[in-house]
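Visitor: I am new to this structure. Please pick one part, look at it closely and talk me through what you find.

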Amino acid sequence: MSIFSYLLPKKEKSASVAKERLQIIVARERATRGGPDYLPQLQEELLMVVRKYVEVDQDAINIQVDRESGCEILELNITLPDE
Amino acid sequence: MTKIVVVTSGKGGVGKTTTSAALATGLAQRGHKTTVIDFDVGLRNLDLIMGCERRVVYDLVNVINGDANLKQGLIKDKRVEDLFILPASQTRDKDALTLEGVEKVLEGLKDMGMEYIICDSPAGIEKGALTAAYFADEAVVVTNPEVSSVRDSDRILGILSSKTRKAERGEGDIPASLLLTRYSPERVERGEMLSVEDVKDILAIDLLGVIPESQAVLNASNSGAPVILDSESDAGKAYEDAVARFLGEQRPHRFLTANKKGLFGRLFGAQ
């Protein structure tokens, strides 16, 4: 090892890369966890109702459950297609 | 009072069965009447790790179906008093494992005066794993210091907080503690492996123990004797510490730092 290796920027260690990646993915997965089990089915059935009137894509409906100061909010977004 | 403990991880191959065997044996060594149950229906392996594979006559599914009674299904360990093994069946029919059936078996074990029932969970988050966890009072989450294992452990923690009987009854989360296995302090010091602190930070649960990567674990499974019986080995000692902590003792964590070679060691190449 030469004296110059102390002067060059160190390559990031793989363990710290691992920790950073884990923190991000775990936080994201925790955010979607804990919603009621019926959500996927609710989404499916809502989609069917909407489709009776408007033709929309599978991913046009987005359901999310948020918790704010002790109450749960069911957030429903339906993107209608442009005419 | 019987305590039901699930040993779980999500990911396979991280040391659930090794841990179940060591934990159950350690508890029995301390005089607590303990049964360890293999929930991995179709892929029985606890019997091999416990060294009783040639004594298996009946299994968990036989007992559930009433082909055998509980006493016939239990295998009494020959080395440690107060230790019993209930093997998994080799049937491929996973539906054989019903919640009602498992509850009946657990009740029977309680009536026999078991103090601890260790449930060795299969990998994954399917029915087998959920069944193993459902009646648990406490969970031990086995994790390797590696990204996929840590992520899966977090996933399992999420499942434990909603899918156990206690959670369903609104009795809250069951306590879960972390057992970090295959830990290599040398690699952690070189920055090549997640450290205990890293994993604790991410999973945010109590640390039950750290088991160092050790040849003793393979030696133990080769010979069919739980590694905790190898009381001279580092892994055996680490498991013994973990059992003591499980029972509420305070013990410092060992084997967290690399063995530094001193001047003498460097000169003469001693270990």
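Guide: Start with Asp82(B). Its relative accessible area is 24%, so Asp82(B) is partly exposed; the cut-offs are under 20% for buried and over 50% for exposed. Keep in mind that this is a predicted model. Asp82(B) sits in a loop of chain B, between strand 3 (75-76) and strand 4 (83-86). Its backbone has something to notice. Phi of Asp82(B) is positive, about 70°, although the residue is not a glycine.

Phe255(B) is another residue to check for this. Its phi is also positive, near 60°, and Phe255(B) is not a glycine. Look for Phe255(B) in the loop that runs from helix 12 (234-246) to helix 13 (263-268) of chain B. Phe255(B) counts as partly exposed because its relative accessibility is 26%.

Now to the record for chain B. UniProt, in an unreviewed entry, lists residues 5-227 of chain B as "domain: CobQ/CobB/MinD/ParA nucleotide binding". In the model, helix makes up 42% of that span and strand 18%. The C-alpha atoms at the two ends of the span are 19 Å apart.

Next, the pocket. Rolling a probe the size of a water molecule over the atoms shows where empty space is left. The largest pocket holds about 580 Å³ of space. Its lining has 27 residues, and those closest to the centre are Gly13(B), Val14(B), Gly15(B), Lys16(B) and Thr18(B). Several elements of chain B give two or more residues to this lining: helix 1 (16-29), helix 2 (46-50), strand 7 (176-183), strand 8 (206-212) and helix 11 (215-223). By type, the lining has eleven nonpolar residues, ten polar and six charged.

Take Thr18(B) from that central group. Thr18(B) is part of helix 1 of chain B. With a relative accessible area of 19%, Thr18(B) is buried, because the cut-off is under 20%. Which residues does Thr18(B) touch beyond its neighbours within four places in sequence? They are Ile49(B), Val217(B), Val227(B) and Tyr239(B). The fold brings distant parts of the chain to this spot. Thr18(B) and Leu218(B) are 200 residues apart in sequence, yet their C-alpha atoms are 9.7 Å apart.

Lys16(B) leads on to Ser9(B). A polar contact of 2.9 Å links the side chains of these two residues. Ser9(B) belongs to the loop of chain B that joins strand 1 (3-8) to helix 1. Its relative accessibility is 0%, so Ser9(B) counts as buried. The Ser9(B) side chain also comes to 2.5 Å from the backbone oxygen of Lys11(B). Beyond four places in sequence, the residues touched by Ser9(B) are Val14(B), Lys16(B), Val142(B), Asp152(B), Ser153(B) and Ile156(B).

Val14(B) is the link to Thr181(B). A polar side-chain atom of Thr181(B) is 2.8 Å from the backbone oxygen of Val14(B). Thr181(B) lies in strand 7 of chain B. Thr181(B) is buried because its relative accessibility is 3%. Apart from neighbours within four places in sequence, its contacts include Val14(B), Thr19(B), Val142(B), Asn144(B), Ile211(B) and Tyr239(B).

Move on to helix 6 of chain B, residues 127-134. Its buried residues are Ala129(B), Thr131(B), Ala132(B), Ala133(B) and Tyr134(B). What do they pack against? The partners in chain B are strand 1, helix 5 (99-111), strand 5 (116-120), helix 7 (147-163) and helix 8 (165-168).

Last, a look at chain A. Chain A has two helices and two strands, in the order α-α-β-β along the sequence. Chain A has 83 residues, of which 17% count as buried. Take its contacts between residues at least 6 apart in sequence: 26% of them join residues at least 24 apart. Met48(A) makes a good stop. Met48(A) is in helix 2 of chain A, residues 39-53. Met48(A) counts as exposed because its relative accessibility is 53%. Between the C-alpha atoms of Met48(A) and Gln58(A), ten residues apart along the chain, the distance is 9.7 Å.

Notes:
Residues are numbered from 1 along each chain as its sequence is written. Chains are lettered from A and ligands numbered from 1 in the order in which they are written. This is a predicted model: local features need pLDDT of at least 70, side-chain atom pairs count only at pLDDT 80 or more; totals for chains, interfaces and linings use all residues. Side-chain values use heavy atoms; hydrogens and water are left out. On a 1 Å grid over the protein atoms alone, a cavity is a set of points where a 1.4 Å probe fits but cannot get out, and a pocket is an open set with protein on both sides within 12 Å along at least five of seven lines; lining residues have an atom within 4 Å of a point. Grid points are joined across faces, edges and corners, and a volume is the space filled by probe spheres set on the points. Helices (H or I, at least four residues) and strands (E, at least two) are DSSP runs, numbered from the N terminus. Ala, Val, Leu, Ile, Met, Phe, Trp, Tyr, Cys and Pro count as nonpolar, Asp, Glu, Lys and Arg as charged, and the others, Gly among them, as polar. UniProt positions are given in the numbering used here, feature names are shortened, and annotations may be inferred rather than shown by experiment. Buried means under 20% relative accessible area, exposed over 50%, partly exposed in between (1.4 Å probe, protein chains only). A polar contact is a pair of N or O atoms within 3.5 Å; within protein, one must be able to donate a hydrogen and the other to accept it, and residues adjacent in sequence count only if both atoms are side-chain atoms. Contact means heavy atoms within 4.5 Å.
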